[in-house]
Every structure is written in structure tokens, then in C-alpha cells.
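Me: I have a structure to look at and would like help with the terms used for it. Could you go through them with me?

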Amino acid sequence: MVIYHLSTECYPVAKVGGLADVVGALPKYQNKIKGIDAKVVMPWYNKSFVHDHEFDIVFDGFIHQAENMLQVQVMKEKTNALGFELYMVKVPGLLDRDNPYGYQDESFQFLAFQHGVLHWLSAMEIRPDVLHCHDYHTGLVPFMIQNCPEFQFLKGVKTIGTIHNGEYQGMMSWNMAKYMPSFDSYKWGLMDWNGYINPLASMIKCSDAFTTVSEGYLEELFISFRGLESLVRQEFGKAYGIINGIDTEVWDPETDPMLDFNFSIKNAVAQKKKNKEKLCKEYGLKPELPLFAFIGRFATEKGADLLPDVVWKSIKQSYGALNIMILGSGNSYIENKLKEYEYTYTNFALDLGYKEYLSHKIYASADFLLMPSRVEPCGLNQMYSMRYGTVPVVRYTGGLRDTVEDISTGGAGLNFTYPGVDDIVHAMNRAIAIYNQKGVMEDLIHANMNFDFAWEKSAEKYIALYNN
Ligand code: ADP
Ligand code: GLC
């Protein structure tokens, strides 16, 4: 069975968040299953990976976006270094950028990607068994292969759409329709939601099946889905929740080259302590106190707007008996407020930016990982932290409630239900009490490291779904 994953991100080529981690790992694990040939197709980016690897040009052609004729080149990485065939689609001016997101004309960018991929496959008569589309950036693909005469060759190819984040739907005005490959116009309703072209809604309507990255999140979409609640209810019969895994080859505390002190479950307590001491020294924190960390995008869905108040309140309430370290960037108000607190509180360290190596060090060093997410379709941070013996303190939502159980009911993490400062600080106070109980913390480190979040099970679930 031949599967093409279509995605705007893939680790380690280009990563903004968890989508990259999933697309960089899932195909690799699928390829370990007999009879499966999973590949990844993504836009070309001006990133070190493409300069450090050799590519063959496997296709060179043209597409039209209204009056504009665009060159499309498809490059294949020569060695399958990632454990799967990697194809990168280059369109000068649109798909040759430094980063996946953040451009005013992103609608043109993602249309060019979807159009370019389908043009290449049709022109070269490549007919996969499954096109697996990830998030709204590739959400129009199921519609396009059914309703654009240009892709007649692909008609009937099965499509799966995976919703990694329903907060982003890629809505655009109907004026954009003229930049799409020409389609049977009377089918317009399959792209429409409330008077806009809505790629995520179209993916739900037109794919053979769609998935969310946890079961918990799927349940929540029926109640809260930025206007698509009724659609997901209507299409419920082809909806599946499949929890993400983690790449245990990349995220292995025994071999992780980004750690100062590697460890296994046997020496985790001592080695984690050494990692923590080093990190605390570097950032002026106090190694004898519990270390709480937050890693992530400063977005309201992550509850990042609550962090400044969490910092001062937790320090005040505990009389300075904890450390907090935050790694991330995003909303400038949050960044500035946190910068201010960095000067005010010696127990608080901040590193603004995206630093892959530092995230690994923090997962290995921290005692607790904070995730006050308002929305968390799956969340990978909690799984990385658990694998590195760090206790997750999470809001009970989406994928977090599927992966982290509270210590009070036999789990090895801490849950809180409401994403508010008082509830978060209360959970942190519970964590401090645990930290100070001899033996309990050690048991929790071991219990967390014993969880198995490897991709194998979920990779099998996707294959079962394709077979269906
Ligand atoms: P999301 O994709 O919604 O941001 P996930 O939990 O699925 O959330 O994945 C986030 C990924 O991005 C993890 O691999 C996490 O370690 C990483 N990450 C987030 N922010 C940063 C940062 N500032 N520096 C390094 N890695 C980060
Ligand atoms: C999205 C979600 C996150 C999920 C990731 C990978 O970015 O916000 O919860 O883990 O996709 O599926």
C-alpha cells in the first residue's frame, strides 16, 4: 500500500510545532509495517536541511493560478535519510520561503502546494492508494481530486484528513476561487462554510475519513469547533480519534545527543539532578527548589496569556520556594510582561525563541512540566516530559486528558480542570508538596518513564483505517 502524506511541516526539515514531529515520525513507523510504503510531500523551504542534503529533480512543470503561470519543481531527497521518501515542492515566489507560516499571501502559498502536488501526480501518472492530508493547508485536496477535471487521473484515490488543530481553518473569500484549479462549479457547496471557502470544512466533507489526534479532542469538537460543530456531528460516521505517538529514537534520554547527562530509568534520579543543576546554574536558578517549566508557543490556546500571573502568584504564594523556566515565543504582550518579571524575580528564567536543543535539556532537567492549555488536540510536550522523567501538570482537556492521569486516581501526573491562574497555582502547590515528600518524587519519575507512547500502536491504527 502506497501512502503519500501531504504536510507543510516535517521534522527535521521544517518544524513549527507538533505537526512536524508527527509527520517526521509516523511514516517512518508505518514503513516498519510489512507491505507499507509511506512517503512525505511538503513545500520546499530555504532551510539548512535542504542545503545539507542532495536532491534529484523528479518533475518540472507549470500550473496556473488565474492569469499567473507558476513553475512547479518536485525534488526528491536522494538517500531517504529520514526513513521514507521525501519530496519537496518548489514554486518560485511561493514555495521557496524561509518558514512555513507568517505570510500575508498564505492562501496562494497553500493553493500552489495542493495544486502543484496534484498536478505532478496526475502528470506523472502516479496513483497512490491513499493521500493522507494534514491540517487545513492540504484540506482542499479531497475536493480537488474529485471535482477538478485536471486531476481526472486521481479520481477515486482514497483520502484521509487529519485535524491537528481545528482552531485554524484557512478560511478565504470566494474571490480566491479563481486561483484554484478549475472545478465543477456546481459543487461549490463542498468547499463552502458560512459564505467562505473553508479548507478544513471541505476536508471534513470530502475526505473518505477524517481523524483527530486524540479521542478526547474529537469529543470536544462536537461542542467547540470554531463554528464547525454541526458539521462534525453530521459527518461523525467517518470520524476517528487516533492518539499521536512520539519518536522514541529521537526522544531517548539514554542516547539524546542534546543532553548534558544521559540517563536510563536506572540512574534517572541522579542524572536528572545533574542536568537540573547545570541548567539552573546557567539560568541563575536554585537547584535545590522544584523546577517548573513551560515550553511552547505563546498563544491563548496554550494558556500562555496566564503565564505572567502564574509566575508572580506562584512565587508569592510559595514564598519563593520554586523555580519557573519558560521557553517560547509569540504574542508580544506576553513576551514583554515575562521579560519584566525576569528582572523582578530571581526564581524565574526566560528564554525567548525557538531552541530545539534547549527544549530537550529542559524536558530532562525539570521536575514538573506545566501545560495550562485551553485547547490541546493531542500535545506532545507532556509525552516528551514523561519519557524524560518529568511530571506533567496539565489542564484536563483534549489529548492531555487521554495521556495524563492525576496521581490521586493512580496516575503519575497532575490535572486541573479550569484554565485559570488560581487553579494552575493550586496544582503547582500540590506539586511542591509532592516534591517535598521523600520517595514520592522518585516513584513518579520512574512511573512516568515507564509509560509507552511509542508510535507503533497508532501507526497500526492508521493502517487499519486505510484498509477500511
Ligand atoms: P503545538 O504543535 O500545538 O505547538 P505540541 O505539543 O504538539 O504543540 O508540539 C510542540 C512541539 O514544539 C514540541 O516538539 C515542543 O518541544 C516544540 N516546541 C514548542 N516551542 C518550542 C520552543 N520555543 N523551542 C523548542 N521547541 C519548542
Ligand atoms: C497541533 C496541536 C497539538 C498536537 C500537534 C500534533 O499543533 O496543537 O496539540 O500535538 O498538532 O498533532
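Reply: Happy to help; this is a predicted model, and we can take the two ligands in turn.

Me: What makes Lys15 and ligand 1 a polar contact?

Reply: A polar contact needs a pair of N or O atoms within 3.5 Å. A polar side-chain atom of Lys15 lies 2.7 Å from an oxygen atom of ligand 1, so the pair meets that cut-off. Asp21 also places a polar side-chain atom 2.7 Å from an oxygen atom of ligand 1. The protein covers 92% of the 560 Å² of accessible area that ligand 1 has on its own.

Me: What kinds of residues make up the shell around ligand 1?

Reply: That shell divides into six nonpolar, eight polar and six charged residues. Helix H1 (18-30) is one of the elements that supply at least two residues of the shell.

Me: Now ligand 2: why is Gly379 said to make a polar contact with ligand 2?

Reply: The same kind of check works here. A backbone N or O atom of Gly379 lies 2.8 Å from an oxygen atom of ligand 2; the limit is 3.5 Å, so this pair counts. For Cys378, a backbone N or O atom is 3.0 Å from an oxygen atom of ligand 2, which means that this pair counts too.

Me: How do you know that ligand 2 lies between domain 1 and domain 2?

Reply: Look at who gives residues to the shell around ligand 2. Both domain 1 (2-247 + 456-467) and domain 2 (268-449) do, so ligand 2 lies between them.

Notes. Residues numbered from 1 in each chain as written. Chains lettered and ligands numbered in written order. Predicted model: local features only at pLDDT ≥ 70, side-chain atom pairs only at ≥ 80, totals over all residues. Heavy atoms only, no water. Polar contact = N/O pair within 3.5 Å; in protein donor to acceptor, adjacent residues only side chain to side chain. Areas by Shrake-Rupley, 256 points an atom, 1.4 Å probe, with all protein chains shown as cover. Helix = DSSP H or I, 4+ residues; strand = E, 2+ residues; numbered from the N terminus. Nonpolar A, V, L, I, M, F, W, Y, C, P; charged D, E, K, R; others polar. Domains from an automatic or database assignment.
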